[in-house]
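Hi everyone, thanks for coming along. I have one structure to share today, so let me put it on the screen and we can walk through it together.

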Amino acid sequence: MKKIMLKTGKAVLFLILALACLYLVGLLVERKTSYIKNEMFFREAARDHIDVFFLGSSHVINGINPVQLYEEQGVASYNLGGYGSVLLSSYWQFRLALPYTKPDLVVVDAYMLENDIRTIDDPASNVSSDELHLNIDRFPLSRTKIAAVTDMIADRGIQLQYLVDYSIYHDRWKELNAEDFGRITGSAGLNRLMGAELMYEIHSAEFAWQEFPYGTLEQETVSTAYLRRLIEECLSRGIRVAVVTVPYLAMQDGQDAAHTAAVICAEYGVPYLNMLEIPGLIDINADLFDSGHLNASGARKVTTYLGDWLTGNFDLPDHRGDETYGEWNRATKEYQEELLSTVSENRDIYKQLLTLGQLSDICPWILSIRGQSISYHDTSLLKLLESLGAGPALREAADGGLPYLMISDHGQVTDYAGYPGRVDLDTSGGAVSYEPVSDIYRVLYLGEDEENNHLYTDEQAYADIQLLFVEDGECIFHQYYTSTHFTYDYSETS
């Protein structure tokens, strides 16, 4: 009897060890994108520190920044948006997240409401498997996950890939690197923007907004059905819900879908915000990185506007100053510190200006454009500068090919075109004296030092754009961008 018990014990122990090894191997070879994006959700949900869910497609991931929302309004939210997500997958993303915390409010984007494709594995859905894996891999196997996968995917073989992802990741051992061990060791780099991913790019096209005749979708679609289902699910659980349309370059179908969302919301008596129709909210030639997605500049504007709208329409708690929300306070600080750390490294002028737009309140800088610069024909550059606060002086300089100077002092912008004579200013970074003498030769003195002209060296005389960072009357970093048909060569001094 003892021998039987001993053998049984050994068999059970072996089985436990084998399963533990299999589990660890599964964690090791699994693609980490979903873990990186969603792990902070699980940690903050366990603390009951998430008041708002944001649901939707890449429009939401790229367009709404929960860390900025917390910094400005004190609202604790999580961006559960997924690349390629239609209302079908947004509904199930909500259901997957709900067991871990019950939010006060769910905000869902109505993009692609016209989509009438029933399953995501339909080739016509235009959703890649990687996009859906990003959404749901981090969520453990459960009845809800089984229901989600079987509802979203028709092919049983493909269903298995999402329910037991080891079946497709098992051969990743060939490409493992140090980052793959981070989940096991606890050192993995996580998404500290609470699910958001900002894009520091700008498109090079010249977009024009077209207002189509008012219309709505002619019939119910799979997406309208799942929007209704999501609204009803929230209301039945006592969860408040709002629907929005995040700005993009919408054509007729997109505008009709936005109007249809308004009709559906009216039926249920839930608030709706159509940001396509808010004049001046974004500049489509400065705040998009392509026709469908906001860049970091657009995301900042939309997050601020949406935050004001949400707190004006819903009684949401302000957690700023609450010591128990330390993770949110750290995330805010880390976000700023990470951006500041990249300022001295950004060799791309567009990325640099988009970064400075996120730091306008804390990072003073000076920008100069030489007279007759080809940069004045760069529409994207001019739009970016205007989004950072440049005034009519910029267009005056561009129209006349004149020297231009812009000083951004914690978001307060002063700029000059042409030849205003000597200008003396007091800034938070110290005294600044500026005098343009010619298109090329401009004088910039800092503090009481009038021996070092910071806008002219023989080596950089023909740099189109100069960007200086000033602190305590000294230039701590100086960047030069020289344009060759809107591709900028870069150099620096510090």
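Helix 5 passes helix 11 in a left-handed crossing. Please keep in mind throughout that this is a predicted model. Helix 11 covers residues 222-236, and it packs against helix 5 at an angle of about 20 degrees, with the two axes 8 Å apart. That angle is under 35 degrees, so helix 5 counts as roughly parallel to helix 11.

Who makes the contact? From helix 5 we have Leu87, Leu88, Tyr91, Trp92, Phe94 and Arg95. They meet Ser223, Tyr226, Leu227, Arg229, Leu230, Glu233 and Cys234 in helix 11. By class, that contact has 9 nonpolar residues, 1 polar and 3 charged.

Let's stay with helix 5, residues 87-97, and turn to its contact with helix 7, residues 143-152. Is helix 5 roughly parallel or roughly antiparallel to helix 7? The axes come within 10 Å and cross at roughly 175 degrees. This makes the pair roughly antiparallel. On the helix 5 side, the contact uses Leu88, Ser89, Trp92, Arg95 and Leu96. Helix 7 brings Thr144, Lys145, Ala147, Ala148, Asp151 and Met152. Those residues divide into 6 nonpolar, 2 polar and 3 charged.

If you compare the two lists, you will spot some repeats. Leu88, Trp92 and Arg95 touch helix 11, and Leu88, Trp92 and Arg95 also appear in the contact with helix 7.

Ser89 is a nice link to the next topic, cavities. Searching the whole structure turns up 2 cavities of 30 Å³ or more. Ser89 helps line the second largest cavity, along with Tyr83, Gly84, Ser85, Val86, Ile120, Val127, Glu131, Leu132 and Asn135. The volume there is about 50 Å³. Which element gives the largest share of that lining? That would be helix 6, residues 129-136, with 3 residues. The lining as a whole splits into 5 nonpolar, 4 polar and 1 charged.

Now for the largest cavity, which holds about 60 Å³ of space. Its lining consists of Pro364, Trp365, Ile366, Ile407, Ser408, Asp409, Thr427, Gly429, Val432 and Val470. Two elements give two or more residues each: strand 8, at 365-369, and strand 9, at 404-409. Strand 9 has the largest share, 3 residues. By class we get 6 nonpolar, 3 polar and 1 charged.

Next, a pair of helices elsewhere in the chain. Helix 4, residues 66-73, and helix 14, residues 326-343, have axes that come within 9 Å and cross at roughly 110 degrees. Angles from 65 to 115 degrees count as roughly perpendicular, and therefore so does this pair. The crossing is left-handed. In helix 4, the contact residues are Pro66, Val67, Tyr70 and Glu71. Across from them, helix 14 offers Trp328, Asn329, Ala331, Thr332, Tyr335 and Gln336. The classes here come out as 6 nonpolar, 3 polar and 1 charged.

Hold on to Tyr335, please, as I finish with an open site. The second largest pocket has a volume of about 380 Å³. It is lined by 15 residues, and the closest to its centre are Leu193, Leu198, Tyr200, Tyr335 and Glu338. So where does the lining come from? Helix 14 and helix 15, the latter at 349-358, each supply at least two residues. Helix 14 gives the largest share, with 6 residues. The lining has 7 nonpolar, 3 polar and 5 charged residues.

To pull two threads together: Tyr335 meets helix 4 as part of the contact I just described, and Tyr335 is also among the residues closest to the centre of that pocket. Likewise, Ser89 belongs to the helix 5 contact with helix 7 and to the lining of the second largest cavity. That's my tour, and I'm happy to go back to any view you like.

Technical notes:
Residues numbered from 1 in each chain as written. Predicted model: local features only at pLDDT ≥ 70, side-chain atom pairs only at ≥ 80, totals over all residues. Heavy atoms only, no water. Axes fitted to C-alpha atoms, helices over the stretch in contact; angles between N-to-C directions. Helix = DSSP H or I, 4+ residues; strand = E, 2+ residues; numbered from the N terminus. Parallel < 35°, antiparallel > 145°, perpendicular 65-115°, else oblique. Left-handed = near helix turned anticlockwise from the far one by under 90°. Contact = heavy atoms within 4.5 Å. Nonpolar A, V, L, I, M, F, W, Y, C, P; charged D, E, K, R; others polar. 1 Å grid on protein atoms, 1.4 Å probe; cavity = no way out; pocket = protein on both sides within 12 Å on 5 of 7 lines; lining within 4 Å. Points joined across faces, edges and corners; volume = space filled by probe spheres on them.
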